[in-house]
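This report describes the fold, the salt bridges and the nonpolar cores of one protein chain. Please keep the sequence and the structure in view while reading.

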Amino acid sequence: GIVIAARVKPRIPKRLRNAGAPEKLHVCDEHIVCAAAGVTPDVLGIVTRARESCQKHRAAWGEPMPVRLLVRQVCNHLQAYTQHGGLRPFGLGLVFAGYDEEEGFQVFEVDASGNFRGAEVAAAGAGATKLRRDVAGALAGIGGAAEGGGRGESGGGGIGGGGGSSEATDGGSASPLLEGASAVVRALSPTRGATGTDADGE
């Protein structure tokens with residue numbers, strides 16, 4: 001399985017905000033989720049495009065869109081905005097997580113240049129580097145403690161039952177996310193080997 005967490009830090013004072021908070025987690029299709037950080041209109045535009053791609057693929061082929069194929073299409077669109085005059089690159093960072101029959105559980109980090117890579121622990125937004133380091137360290141500790149009690153083939157690389165893990169944050173300390181993620185790791189049983197591999201975006 002895959003665990004995705006997002007931290008929202010609204011920049012508007014609480015007394016001026018509506019009850020709802022900006023969404024950081026978006027469902028692209030029943031088997032793919034996107035965690036996002038960055039400029040909200042840019043994020044919503046890309047998420048809408050990803051959802052349309054999933055619907056078109058399902059209508060044309062009668063089956064869910066492979067996760068890697070969706071990520072490639074999104075990255076092609078992002079990369080095109082870095083090449084043409086009068087256009088600006090999107091201001092965002094994305095983490096796609098999903099499952100398909102061909103490659104199993106997958107997690108991909110996507111940046112505004114159109115590059116993407118498969119990952120066991122992925123993060124986007126301010127504080128992403130620290131979050132990756134903290135979560136990887138916590139998983140290493142949990143993995144060492146769990147080896148005596150039997151493990152799946154995943155080797156402790158990802159949060160959840162052997163899949164890749166995804167952590168998305170838009171700033172601040174990683175500790176609240178890390179605590180929640182560590183609890184989930186201990187509660188889940190490894191059932192499938194990790195399938196995310198490095199890939200270069202187009």
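A salt bridge is counted here when a side-chain nitrogen of Lys or Arg lies within 4 Å of a carboxyl oxygen of Asp or Glu. One pair that meets this definition is E103 and R68, whose closest N and O atoms are 3.1 Å apart. The pair links distant parts of the chain, 35 residues apart: E103 belongs to the loop between β4 (92-100) and β5 (104-111), and R68 to helix α2 (residues 67-80). E103 is partly exposed, with a relative accessible area of 23%, whereas R68 is buried, at 14%. The model in which these values were computed is a predicted one.

## The chain as a whole

The chain contains 4 helices and 8 strands. Read from the N terminus, the elements follow the order β-β-β-α-α-β-β-β-β-α-β-α. The chain has 202 residues, of which 42% are buried. Its exposed surface amounts to about 10,300 Å², and carbon and sulfur atoms supply 52% of that area.

How do the contacts spread along the sequence, and what share of them join residues at least 24 apart? Among contacts between residues at least 6 apart in sequence, the share is 67%.

## Salt bridges

The structure holds 7 salt bridges. Three of them, including the pair already described, are set out below.

| Acidic residue | Basic residue | Closest N and O atoms |
|---|---|---|
| E30 | R58 | 3.5 Å |
| E103 | R68 | 3.1 Å |
| D134 | K130 | 2.7 Å |

The salt bridge between E30 and R58 has its closest N and O atoms 3.5 Å apart. This pair also links distant parts of the chain, with the two positions 28 residues apart: E30 is in the loop between β2 (25-29) and β3 (32-38), and R58 is in helix α1 (residues 40-61). E30 is exposed, with a relative accessible area of 68%, while R58 counts as partly exposed at 29%.

Where do the partners D134 and K130 lie? Both are in helix α3 (residues 128-146), and because they are 4 residues apart there, about one helical turn separates them. D134 is partly exposed, with 21% relative accessibility, and K130 is likewise partly exposed, with 39%. Elsewhere, salt bridges with shared partners join D29, E30 and R58 into one network.

## Nonpolar cores

The largest nonpolar core has 23 residues, and the members that touch the most others are C28, L70, V71, V74, L94, F96 and V110. Several elements contribute to this core: β3, α1, α2, β4 and β5 each supply at least two residues. Which element gives the largest share? Helix α2 does, with 6 residues.

V71 offers a view of contacts made across the sequence. Apart from its neighbours within four places in sequence, V71 is in contact with F96, F108, V110 and F116. There is also a second, separate core of 8 residues, among them A37, V95, A122 and A124.

Helix α2 thus appears in two parts of this account: it carries R68, the partner of E103, and it supplies the largest share of the largest nonpolar core.

How values were computed:
Residues numbered from 1 in each chain as written. Predicted model: local features only at pLDDT ≥ 70, side-chain atom pairs only at ≥ 80, totals over all residues. Heavy atoms only, no water. Buried < 20%, exposed > 50% of the residue type's maximum accessible area, 1.4 Å probe, protein only. Contact = heavy atoms within 4.5 Å. Areas by Shrake-Rupley, 256 points an atom, 1.4 Å probe, with all protein chains shown as cover. Core = buried A, V, L, I, M, F, W, Y, C linked by side-chain atoms within 4.5 Å.
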